[in-house]
Structure formats: C-alpha cells, structure tokens
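The following note is intended for a colleague who is meeting this structure for the first time. Please read the numbered points alongside the sequence and the model.

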Amino acid sequence: MKTQYISKEGAAIISIARYLMSTSVNDRLRTIDALSDDIGVSVGFVQKALTTIEQQGAVALSKQGRNGTFIAKLDYRALAELTGFSHVVCAMPLPYTKHYEGLASGLKKQIGDLPLYFAHMRGAGARAECLKAGTHDIAIMSKLAAQSYTGGFVTAIDLGQHSYSLPHRLIFRQGEYEQIRRVGVDPDSPDQKLLTQSAFRDQPVTIVEINYADSLNLLLSGDIDAVVWLPEAIDMEKYGLAEQTLDHIEQCALASEAVMLVSGENPHITTLLRKLINIPALLEHQQQVVRGEITPNY
C-alpha cells in the first residue's frame, strides 16, 4: 500500500477544524499564537487554515478589535468533512425490533447527510470489538452492556430509559415455569448473561450456551426451557410462550437504555455526535416507528 503524507498546511486545517468542532457560536476564538503552540505549526499555517475553513463556509468569524475574534457561525457537518470524517460506521443490533429500527432510522435522518453506514451485528461483545479495533466509529448497545467495556471507551450519547428496548423478560413455554432447568445464554450478550445470573441466583439450573438469534427455535424444540429475551421481538401467543417480569432486578432498567460508545482515541467523533444529535427529536422519531406512524428508513 502506498503511504500518504499530510502536508503541514493540511495538518493545520484538520487540527483547526477539530478545535472548531469543540466550540459554539459566540465563543471567543483562541488566539493565533495559542493555536500555533498547541498544533505545533507556524502562525502563518494557522492563519491560512482559518482562511481556508472560512472560505469553505464551515465557520464565520467576527473580529471585534481588542475584544478578540468571535465565532459568528459554525457548520459542524462541513467541519467534520475537513477533519477527514469522510464516512461514519455505526455498529448496532440486528434490526429485529421496532425500537432498533426506529433508532437506526432516527440517526439516519439526523446525520444522514454525512455518509452514515450501519453494521448490524449480533452481540454487544462483537460491536465492542469492532470499536476497539477501529473498524467502526460508533457502537450502540445497552447501558448495562456498556458498563462491561470500560477500557478506552467513552459514552458519547445516553438516550435514556426504554430507548434501547422495552424491559427484558424471562421467556418460557406456557405452564412450564416450575420445570425450568436449562436456560439459554448467548456469551456475546452481557445483558442476557447478567440478567440470567440475577434471575436464577442460587437456583439449580444449567446454563446452555446459545446464539441469541436461535432463542425461539431452541425454546420450541425443548433444547432450553427458558431464556431472557424481549417479548416485543416475538408473537408470544402464537408460539405458546409466557413471560415473567425481571423488573425486581436493578440491572433490568439499564438493559433497556441505549448508549452510543466511541473510542477514547477519537474525541472528535464524540464532539460531532453531541453537536449533531437532537436527542428529543431522535426519541420521538423512534416512537413514531414503534407506533407504526412512519416507515423506518436506514
């Protein structure tokens, strides 16, 4: 592979654009000398970078004499392009519930004029690994799962209760609660693992390692007797299934709360998300999808 080198002028543009992404309209611009010292390029390169960024419409500056220079206008999407964010890859759950579909659709609507791609994959563990490896920029998972991955990750966005799913339940065949002996758990799902441990603490059950997507077939075939799952993902009556609440487990609420994780090595993606995402509008879009009022588009 041919190695590409960034000129000092290009590096200055990227650095200044990243700095501007952390600011807001009406903020005082740091002095040219201070920016020069921080970035490690000459004052001339800083001035050229600011001029280029202004010419591209990503920022408008207002010089106010001795009071300094202030930011009159910011275009965060234009700044993102200047920082090299040509596209953003978001790892999220397989879209088998309306909550997941609504979340993907709402994100696409809000930041879709940046090239936003979704990588739908089973298991928070797999999503965390992709984020850690740098192959993905964002990973969406429950707040409970996110607490399992503390090394090097930052919670860029916390969407609040029931933004990830409705509450998890213990799912089993109707009339067979007392006969539960074998419980399925996907090792890549921290939510399922932790909630199962709490639900059956000190009870004589056997944990059976499964693929989350096979939960229904394994229940119907009798290979497992129960699984912690989402009733919204299945027609419970059609398949003769029953559910038991897990609301008494403190962690259950965290499992229904969606968060967006970003690598701590990419703080500018965190800044970008916090600047671009309108959380109330995103949650309303999600609920419209859940209620069937709009068709998800992602």
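1. Strands β1 and β2 make a hairpin, with five residues between them. Within the turn, Gly 65 has a positive phi of about 60°. The two strands, β1 (59–63) and β2 (residues 69–74), are antiparallel and are paired over five bridges. One such pairing sets Val 59 against Leu 74 in β2.

2. The model under review is predicted, and its confidence should be stated early. The average pLDDT of the protein chain is 90, and 97% of the residues reach at least 70. Residues 1–5 call for caution: pLDDT stays under 50 there, and the model shows zero contacts beyond four places in sequence for this stretch.

3. One open sheet consists of five strands in the order β4-β3-β5-β12-β6, with mixed pairing. Its edges are taken by β4 (116–120) and β6 (153–158); each has a single partner strand, so one side of each has no neighbour in the sheet. Direction ignored, neighbouring strands of this sheet are turned against each other by 30° on average.

4. Inside that order, β5 (residues 138–142) and β12 (residues 258–263) run antiparallel and are joined by four bridges. Ser 142 is found opposite Ala 258 in β12.

5. Another open sheet has five strands in the order β9-β8-β10-β7-β11, and here too the pairing is given as mixed. The edge strands are β9 (206–209) and β11 (241–245); because each has a single partner strand, one side of each is left without a neighbour in the sheet. From one strand to the next, the twist averages 35°.

6. What packs on this sheet? Helix α8 does so, touching β8 (182–185), β9 and β10. The direction of α8 makes about 150° with that of β8.

7. Within the sheet just described, β7 (residues 169–173) is joined to β10 (residues 226–229) by four bridges, and the two strands run antiparallel. Arg 169 has Trp 229 of β10 opposite it.

8. Turning to pockets, the largest pocket holds about 280 Å³ of space. Its lining comprises 20 residues, and those nearest its centre are Tyr 96, Tyr 100, Arg 122, Gly 123 and Tyr 212. Two elements, α6 (124–133) and α8 (190–199), give two or more residues to this lining. Helix α8 therefore deserves attention on two counts, since α8 lines the largest pocket and also packs on the sheet that includes β8, β9 and β10.

9. How is the lining of the largest pocket divided between nonpolar, polar and charged residues? It has 13 nonpolar, three polar and four charged residues.

10. The second largest pocket has a volume of about 240 Å³. It is lined by 13 residues, with Leu 29, Ile 32, Leu 50, Lys 63 and Thr 69 lying nearest its centre. At least two lining residues come from each of α3 (43–55) and β1, and α3 gives the largest share, four residues. The hairpin of the opening point thus returns here, as β1 is one of its strands.

11. By residue class, the lining of the second largest pocket has four nonpolar, five polar and four charged members. For the lining of the largest pocket, the corresponding counts are 13, three and four.

Note on methods. Residues numbered from 1 in each chain as written. Predicted model: local features only at pLDDT ≥ 70, side-chain atom pairs only at ≥ 80, totals over all residues. Heavy atoms only, no water. 1 Å grid on protein atoms, 1.4 Å probe; cavity = no way out; pocket = protein on both sides within 12 Å on 5 of 7 lines; lining within 4 Å. Points joined across faces, edges and corners; volume = space filled by probe spheres on them. Nonpolar A, V, L, I, M, F, W, Y, C, P; charged D, E, K, R; others polar. Pairing = 2+ DSSP bridges. Axes fitted to C-alpha atoms, helices over the stretch in contact; angles between N-to-C directions. Contact = heavy atoms within 4.5 Å. pLDDT = per-residue confidence, 0-100.
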